[in-house]
Amino acid sequence: MARLPVPGQDKGTWGDILNEYLSQSHDADGSIKPGAIGSSQLQDGTVEASKIPDGEIPLQKLSSVGVARGLAEIDSDGDVINADGEKLISATSSNATFVTYLKHDGTPLEGTKVVVITLTEDEADIDNVAVYDSIGDVG
(Lines give C-alpha, C1' and ligand atoms only; values in the text may rest on other atoms or scores of the structure.)
Protein backbone atom coordinates (compact mmCIF):
# COMPACT_ATOMS: atom_id res chain seq x y z
CA MET A 1 0.00 0.00 0.00
CA ALA A 2 1.30 3.44 -0.90
CA ARG A 3 2.35 5.73 1.94
CA LEU A 4 3.99 9.04 2.60
CA PRO A 5 7.75 9.06 3.27
CA VAL A 6 8.79 9.09 6.92
CA PRO A 7 11.37 11.79 7.79
CA GLY A 8 14.62 10.21 8.94
CA GLN A 9 13.61 6.68 7.90
CA ASP A 10 13.41 6.74 4.10
CA LYS A 11 16.87 8.02 3.22
CA GLY A 12 17.58 7.50 -0.48
CA THR A 13 14.05 6.30 -1.29
CA TRP A 14 11.80 9.14 -0.16
CA GLY A 15 11.28 10.40 -3.74
CA ASP A 16 10.16 6.99 -4.98
CA ILE A 17 7.87 6.53 -1.98
CA LEU A 18 6.33 9.98 -2.46
CA ASN A 19 5.81 9.43 -6.20
CA GLU A 20 4.11 6.08 -5.52
CA TYR A 21 1.85 7.76 -2.98
CA LEU A 22 0.95 10.63 -5.33
CA SER A 23 0.38 8.28 -8.29
CA GLN A 24 -2.63 6.80 -6.48
CA SER A 25 -4.68 9.88 -7.34
CA HIS A 26 -2.57 11.90 -9.79
CA ASP A 27 -1.41 11.32 -13.36
CA ALA A 28 2.28 11.79 -14.24
CA ASP A 29 1.56 15.38 -15.34
CA GLY A 30 0.14 16.22 -11.89
CA SER A 31 -3.51 16.32 -12.94
CA ILE A 32 -6.04 14.45 -10.81
CA LYS A 33 -6.97 11.03 -12.19
CA PRO A 34 -10.57 10.52 -13.35
CA GLY A 35 -12.58 8.93 -10.55
CA ALA A 36 -10.06 9.85 -7.85
CA ILE A 37 -12.49 12.26 -6.19
CA GLY A 38 -15.82 10.89 -5.04
CA SER A 39 -18.90 12.43 -3.47
CA SER A 40 -17.54 11.95 0.05
CA GLN A 41 -14.65 14.33 -0.74
CA LEU A 42 -16.93 17.12 -2.05
CA GLN A 43 -18.50 19.75 0.14
CA ASP A 44 -22.02 20.98 -0.63
CA GLY A 45 -22.08 23.80 -3.17
CA THR A 46 -18.52 23.28 -4.42
CA VAL A 47 -19.27 22.01 -7.95
CA GLU A 48 -20.63 24.56 -10.41
CA ALA A 49 -23.13 23.49 -13.07
CA SER A 50 -20.74 24.65 -15.81
CA LYS A 51 -18.26 21.95 -14.68
CA ILE A 52 -20.75 19.07 -15.09
CA PRO A 53 -20.89 17.63 -18.64
CA ASP A 54 -24.34 17.55 -20.27
CA GLY A 55 -26.28 14.37 -19.57
CA GLU A 56 -24.03 13.24 -16.71
CA ILE A 57 -26.61 13.50 -13.91
CA PRO A 58 -29.93 11.68 -14.26
CA LEU A 59 -32.97 13.76 -13.35
CA GLN A 60 -33.81 11.37 -10.49
CA LYS A 61 -30.52 12.23 -8.75
CA LEU A 62 -31.33 15.93 -8.47
CA SER A 63 -32.66 16.80 -5.02
CA SER A 64 -34.66 19.78 -6.27
CA VAL A 65 -37.03 17.95 -8.63
CA GLY A 66 -40.51 19.42 -8.45
CA VAL A 67 -39.80 22.06 -5.82
CA ALA A 68 -39.67 25.83 -5.90
CA ARG A 69 -36.54 27.07 -7.64
CA GLY A 70 -35.89 23.54 -8.83
CA LEU A 71 -36.94 21.41 -11.77
CA ALA A 72 -40.51 20.46 -12.56
CA GLU A 73 -41.79 17.19 -13.97
CA ILE A 74 -43.65 16.72 -17.24
CA ASP A 75 -46.90 14.75 -16.98
CA SER A 76 -48.33 12.30 -19.53
CA ASP A 77 -50.07 15.16 -21.37
CA GLY A 78 -46.77 16.99 -21.82
CA ASP A 79 -47.67 19.68 -19.28
CA VAL A 80 -45.04 20.95 -16.83
CA ILE A 81 -46.26 20.28 -13.28
CA ASN A 82 -44.99 21.01 -9.78
CA ALA A 83 -44.54 18.53 -6.93
CA ASP A 84 -48.27 18.75 -6.09
CA GLY A 85 -49.28 17.88 -9.68
CA GLU A 86 -50.46 21.42 -10.43
CA LYS A 87 -50.06 22.47 -14.05
CA LEU A 88 -47.42 25.17 -14.44
CA ILE A 89 -47.15 25.29 -18.23
CA SER A 90 -49.54 23.69 -20.68
CA ALA A 91 -48.09 21.72 -23.59
CA THR A 92 -50.85 23.06 -25.82
CA SER A 93 -50.76 26.65 -24.63
CA SER A 94 -49.73 29.32 -27.10
CA ASN A 95 -49.48 31.93 -24.36
CA ALA A 96 -46.09 33.27 -23.39
CA THR A 97 -44.81 32.01 -20.07
CA PHE A 98 -42.36 34.00 -18.01
CA VAL A 99 -40.00 32.33 -15.62
CA THR A 100 -37.86 33.97 -12.97
CA TYR A 101 -34.27 32.82 -13.29
CA LEU A 102 -32.06 32.88 -10.26
CA LYS A 103 -28.30 33.24 -10.19
CA HIS A 104 -26.20 30.77 -8.19
CA ASP A 105 -26.46 33.05 -5.13
CA GLY A 106 -30.29 33.10 -5.34
CA THR A 107 -30.65 36.66 -6.67
CA PRO A 108 -32.92 37.15 -9.70
CA LEU A 109 -31.38 37.34 -13.16
CA GLU A 110 -32.46 40.50 -14.95
CA GLY A 111 -34.38 40.32 -18.22
CA THR A 112 -36.51 37.76 -20.02
CA LYS A 113 -35.16 34.41 -21.21
CA VAL A 114 -36.50 31.75 -23.58
CA VAL A 115 -36.17 28.14 -22.45
CA VAL A 116 -36.18 25.28 -24.95
CA ILE A 117 -36.64 21.79 -23.50
CA THR A 118 -35.74 18.93 -25.84
CA LEU A 119 -37.08 15.49 -24.95
CA THR A 120 -35.41 12.16 -25.64
CA GLU A 121 -36.55 10.28 -28.76
CA ASP A 122 -38.99 8.17 -26.73
CA GLU A 123 -40.19 11.36 -24.95
CA ALA A 124 -39.60 9.68 -21.59
CA ASP A 125 -36.97 12.10 -20.30
CA ILE A 126 -35.41 15.50 -20.86
CA ASP A 127 -32.50 15.32 -23.30
CA ASN A 128 -31.40 18.95 -23.20
CA VAL A 129 -32.38 22.33 -21.79
CA ALA A 130 -31.13 25.46 -23.52
CA VAL A 131 -31.60 29.08 -22.46
CA TYR A 132 -31.63 31.94 -24.97
CA ASP A 133 -31.84 35.71 -24.61
CA SER A 134 -34.64 36.03 -27.21
CA ILE A 135 -36.86 33.89 -29.43
CA GLY A 136 -34.77 35.07 -32.40
CA ASP A 137 -31.72 33.30 -30.95
CA VAL A 138 -33.46 29.90 -31.00
CA GLY A 139 -32.45 27.94 -34.03
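Two residues are in contact when heavy atoms of theirs lie within 4.5 Å. By that criterion, and leaving aside neighbours within four places in sequence, Asp10 is in contact with Arg3, Pro5 and Ile17. The model in which these contacts are found is a predicted one.

The overall layout comes next. The protein has one helix and five strands. Along the sequence the helix comes before the strands, in the pattern α-β-β-β-β-β. The helix, α1, covers 14–22, and β1 covers 73–74, with a loop between α1 and β1. Of the 139 residues, 6% count as buried. Among contacts between residues at least 6 apart in sequence, 8% join residues at least 24 apart. The protein exposes about 11600 Å², and carbon and sulfur atoms supply 50% of that area.

Asp10 can now be examined in more detail. Asp10 is placed in the segment before α1. Is Asp10 buried or exposed? Asp10 counts as buried because its relative accessible area is 9%, and the cut-off for buried is under 20%. Arg3, one of the residues in contact with Asp10, counts as partly exposed because its relative accessibility is 37%, a value in between the limits of 20% and 50%.

Side chains of opposite charge can pair when their charged atoms come close. Which side chains meet in a salt bridge here? They are those of Arg3 and Asp10, with a distance of 2.9 Å from N to O. The cut-off for such a pair is 4 Å, and by this rule the count for the model comes to one salt bridge. The side chain of Asp10 also has a backbone atom beside one of its polar atoms: the backbone nitrogen of Val6 lies 2.5 Å from a polar atom of that side chain. Asp10 therefore combines a low relative accessible area of 9% with a salt bridge to Arg3 and this approach by the Val6 backbone.

The surface offers another feature to follow. Which residues make the nonpolar surface patch of about 480 Å²? They are Ile32, Ile37, Leu42, Val47, Ile52 and Ile57. Of these, Ile32 can be placed in the loop between α1 and β1. Ile32 counts as partly exposed because its relative accessibility is 47%. Patch members need over 30% relative accessible area, so Ile32, at 47%, passes that cut-off.

Conventions
Residues numbered from 1 in each chain as written. Predicted model: local features only at pLDDT ≥ 70, side-chain atom pairs only at ≥ 80, totals over all residues. Heavy atoms only, no water. Helix = DSSP H or I, 4+ residues; strand = E, 2+ residues; numbered from the N terminus. Buried < 20%, exposed > 50% of the residue type's maximum accessible area, 1.4 Å probe, protein only. Areas by Shrake-Rupley, 256 points an atom, 1.4 Å probe, with all protein chains shown as cover. Patch = residues over 30% accessible without salt bridge, like charges linked within 9 Å, V, L, I, M, F, W, Y side chains within 5 Å. Polar contact = N/O pair within 3.5 Å; in protein donor to acceptor, adjacent residues only side chain to side chain.
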